[in-house]
Structure formats: structure tokens, C-alpha cells
Amino acid sequence: MAGPWDKYAKTGGETADQTGSDAMPLATGGAGKPWEKYGGGSAGLSDEDRQSPIPDSLIETGKALVDGGKRDFETEWMAGAGAKIRAAREQAEASHKAKADAYGGSRFDAVTEGSHAGVFGGYDDEITAALLSPIDAAIDAVKGEGFDMGRAYTRKQEQLDDRKDARRDAFPVASGVGETAGGLALGGTLAKSGVTVAGKDLPLVGKTGAAALEGAGYGALYGSGEADPGERISGGLAGAAFGAATGGTMEVVGSKISQLLAKKNAPASTAATTSRELKDAASDQFAASEMAGVDFNDTAVERLGKRLKLAVGKPNEKLRPKTAGYLDEMDDLFTGKMSLEDFEEFRQVLGKEIKGASANDARTLGAMKRVLDDFADNARSTDFTGDGNGIKLLKKARETWAQAKKTEIVENILDNAERKGSGKYTQSGFANAVRSEMESLYTQIQKGKVKGFSDAEVSLIRQMAKGGSPSKVVNALSKFAPRGPVSITLGQLVGSMFPGGNIVVPLAGAAAGAAKDRAALTAVERLRDGVVTGGSTATAPALPNHARPFIAGGVAAEERVRERLSDRR
């Protein structure tokens, strides 16, 4: 089919296929191309021009010009950037000099005056103005301007306030350091005087809430002190809010640090040691002590018998029948030599008698047992024959056996708590199961039915008997954990009081319930490790007394940062 392109068709019978192209007309033949009138393509060039390359000298010249221009640009740019940096630095130095001149003091003065602001809770300018205003009012009266205390106070307070602003502008870091140091001094003084609640386990809020309350008090003080006249209340409320957050956070951080330190200083974990293993170890130690071949000589045994009679005192078969029975056999038992094995057997029988004895008998029999222990612990080399290490092994065997019995008690508590509280959709949960078991154990200890626990261990058992986490806030929130009909209903009832509460309250309760379970498990494991190792179960307090002043200092620093950010806005 013919078209307008036909006028550019090839001549001489050539086809596109013959030339190897169907997209571009040949440079020769056919009608003239419309672009040739603009000198486009290679039209008008000689064959030599079409084939001649660009001279190398021209290429090198071009490169040199480009490289030179690049270097000139970089040099000019660097010079300009350097000039801008110098100008900015000079401007900053000039600005700082102007602020320092307006302040009229040094960096040391800024630290000193800042400490005054921290010590007086931000009321340093008001207090100083109150002290100096009588003098200024008297000077005004001498000048004939009248004696006006109110006018003199307002003027002086405004001057001091302006100086405080100038000080903070000129030396912000030094001022902040001084104010923080002053806050630490204020908190330290009040803490030593007993004016503090930080570290106390307050009802409902616990230690975290106590620290938050103290932080709120300092925040209200600093917030109102730094506020302008007429804005004291709003400033105090804002300061109290931020101070409470600061105090609570510092208590939590302090607690975490103390826990890490306690773990670092704690003995190696003995979680793998069971009561069965401890009993086996004690049996081995008893056997080793018997193999030492220790025999107490007749002189030492006779001396021991006399001491036992003195410990018992005057016999009374009606009040102390079991004690009287031992007295009747005393002469026969403590005559001649006595092996270490017979000595230990007598002591164990005496211990069993004490458990089922009346109060009067238990007192005298206990005195006899203490005499036996003292005799063995302080035996002289002339009192016995055989290897003296047997006596040491006997004492170690007793300690190991006592640890085994206590470990067995804790293992049973863990087993019962897991069986009763774990894996069941009940309101009690693991933490409450532990609390119930520990409450029973503590009651037995108080009645004297279970003995051998140290004071630190009894204190920890009592704490677990009270139940839950050491934090009263966590304990309160855990009541909303959806673990049963009662807690679910309670969580929904409280949650309905504010938007989204029906979801937030149960979630918070579930998290708190999990925290209670972890705290209960941690406490039981700590008790278990303590009884296994024979070491102390006590831990460092969450926020020791000497750390409490940091709350005041932290609030003072927080107040300064908050004001700085507010000034920038």
C-alpha cells in the first residue's frame, strides 16, 4: 500500500532486506531527506572530516580545565564553609560574653548561687529578698523616698530573679550542677532528720509509691519556687507531677541496681542440689567421722557427766519426768570411755525426746543438748584418742543434715504450690499457693514445731506468708487478673469507669498477676538456695537510706531541664 514515505524509497531496486535495515533510509539515493536542509546528520561533511578523531591535545586541555575548575570550586567552598564556621563561633562567643557580662559573675559563682537555689527549693531569691528588703527600705527612707518594705522586697526579688535568669543563660551547665548539688544537700539533711518516706513500705502504694510521694513533695517545692508570682499553684502542681514520676523512677532504678548487686554478690547457685543429695552427703560425713576412731577417755566422759547434772539442776519427777529418767542413768552412761558414735547416738536420742517433751522437760533436755554440743566443739586433744578430724566431720555432718531437712521442706512447698496453683484457671494462682504453704510453715515455726531456720530465713518466710510481690501496687493490680469469675467481674466493673478500661484493667491485672508469680517463685528459690548453702537469704534494700537524697537532687535536675526546654520553645 502506497504512502507518503514512498518518496524516500530506495532506488535501483534495493530493498530494506538487502541493506540489512528496515528502519532507516540509506544516506544515498532516493529523494532528498527533509532534515538535510538543516545540515543534520553528516550532510555537508567531507569524508576526511567524518573519519578524523578529536585531537588528544584538545582532550587533555578539556580535562585540565575541568579539573582546575573543580579544584577552584572545592577551594572556594572550603574557604566559604570555614568562614561560616568561624563566624558562627565568633557569634557564639560574643553571645556568651554578652550573657556573662549581663550576669556579672564567673562559672564558680554560677555553681555557688545554683547550689543556693537547690538548697532553698527555688525560693532562694524570695528568701534573700526578705532578708535584704529591710535594709533597702531603710536606705529608701534616708533618701526621702519613704520606708516601704513591700516595695523594697518586690524590687529586690525582681533583681535577684533577673540575675538568676542571667546566670542560667550565661552558665547553664554550671548552674545545673550547682542546683542539683543543692538538691542533694537538701534531701540529705531532711533524710538524716527523719523527714522522709522514701524506702518505707507504705500501705497500698509500697516503696515505689513512697518514693513517688517524696518526689512529688520536692517537685511541688521546686515548681512553685521557680514559678512567677501569681503562678505558684500551677507551678507547684506541674512540679509535683514531674517530681512524682522522677521519684518513682529512681526507686525502681535503685531497686533494679540493688537486685543486680545482690545477684553479683550471691554465692554460686545450688539449684541442682536436692535434699536427697544433701542427706547422702551427710551420711558419708557421719561414716567418715566414725572411721576416724575417736574415743573420749574416762576423765573427759566423767567431766561431761558432771556438767550435764549441773545443767539439769534439782530433779523433779512430777514436773520433769523425762529429765529425771536421764538423771537416773547418768552415772552408768558417763562412766569409762565413750566412742564418738555412742556420743552422737545419745545426742540424737535426746533430740527426739525434746520434740515430744513437755515445756519443763524440753527446757532441761535442751540445756543438756547444748552441753553436749559445747563439749564436742571445744574438746581438747587430751580428751580423746584417734583422729581429731572425726569431731569436725561430725559437726559438718550435722550441719549438712539440717540443711537437707530444711531443703526438703522447701521442696515440698514448691511441689504443693505447683500442683495447687499452676496450670489451673483459678483466682489463687501460683503466688497464692506459695503464700498458703508459707503461711502454714510460718505458723509451725512460731509454735516451735519446726526448728532450724535462721532469723533471715524466718523473715523471708514471713514475707512470703503475707503473699504476693513486695510491691503493694502490683498486689492491688493483680486482683483484676482474669483468673476466675470473681476477678473477671471485678476487672470489668473497675474498667467500666473510664474509656478502654474494660481492656486495660484486665491486661494490667494479668501482667501484675504474672509479676506476683515471678516474685513468689524467686523468693522460694532464694530461700531454697539459702538453706542449701547455709548462707543468708537477705537482699539489699531497694533504695538504701544513703541513696534517698538522690530523689531531691534528681527532682532539682529534672526541674532545671524542664525549664530549659520550656525556654527554648
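These points cover charge pairs, a surface patch and two helix positions in a predicted model.

1. Salt bridges overall. The structure holds 25 salt bridges. Three of the pairs are taken up below, followed by a network.

2. R163 and E113. These two residues form a salt bridge, and their closest N and O atoms are 2.9 Å apart. R163 sits in helix α6 and E113 in helix α4 (residues 107-119), so the bridge ties together parts that are 50 residues apart in sequence. R163 has a relative accessible area of 29% and so is partly exposed. E113 is also partly exposed, at 22%.

3. D125 and K164. Here the closest N and O atoms of the salt bridge are 3.8 Å apart. D125 belongs to helix α5 (residues 124-142) and K164 to helix α6, so this pair ties together parts that are 39 residues apart in sequence. Both D125 and K164 are buried.

4. K406 and E457. This salt bridge brings the closest N and O atoms to 3.1 Å. The pair links distant parts of the chain, with K406 in helix α15 and E457 in helix α17 (residues 455-466), 51 residues apart. K406 is buried, and E457 is buried as well.

5. A shared network. Salt bridges with partners in common join E113, D124, D125, R163, K164, R167, R168, E179 and E226 into one network. Both residues of point 2 are among its members. So are both residues of point 3.

6. Negative patch. E158, D162, D165, D169, D228 and E231 gather on the surface as a patch of negative charge. One of them, D165, lies in helix α6 (residues 149-170). D165 counts as partly exposed because its relative accessibility is 37%, in between the 20% and 50% cut-offs.

7. R398. This arginine is placed in helix α15 (residues 389-421). Is R398 buried or exposed? R398 is buried, because its relative accessible area of 14% falls under the 20% cut-off. Its side chain makes a polar contact with the side chain of E344, at 2.7 Å.

8. A367. Helix α14 (residues 359-377) contains A367. A367 is buried, with a relative accessible area of 15%. Its C-alpha atom is separated by 8.2 Å from that of L308, a residue 59 positions away along the chain.

Terms used
Residues numbered from 1 in each chain as written. Predicted model: local features only at pLDDT ≥ 70, side-chain atom pairs only at ≥ 80, totals over all residues. Heavy atoms only, no water. Patch = residues over 30% accessible without salt bridge, like charges linked within 9 Å, V, L, I, M, F, W, Y side chains within 5 Å. Areas by Shrake-Rupley, 256 points an atom, 1.4 Å probe, with all protein chains shown as cover. Salt bridge = Lys/Arg side-chain N within 4 Å of Asp/Glu carboxyl O. Lys, Arg positive; Asp, Glu negative; His and termini not counted. Charge placed at Lys NZ, Arg CZ, Asp CG, Glu CD. Helix = DSSP H or I, 4+ residues; strand = E, 2+ residues; numbered from the N terminus. Buried < 20%, exposed > 50% of the residue type's maximum accessible area, 1.4 Å probe, protein only. Polar contact = N/O pair within 3.5 Å; in protein donor to acceptor, adjacent residues only side chain to side chain.
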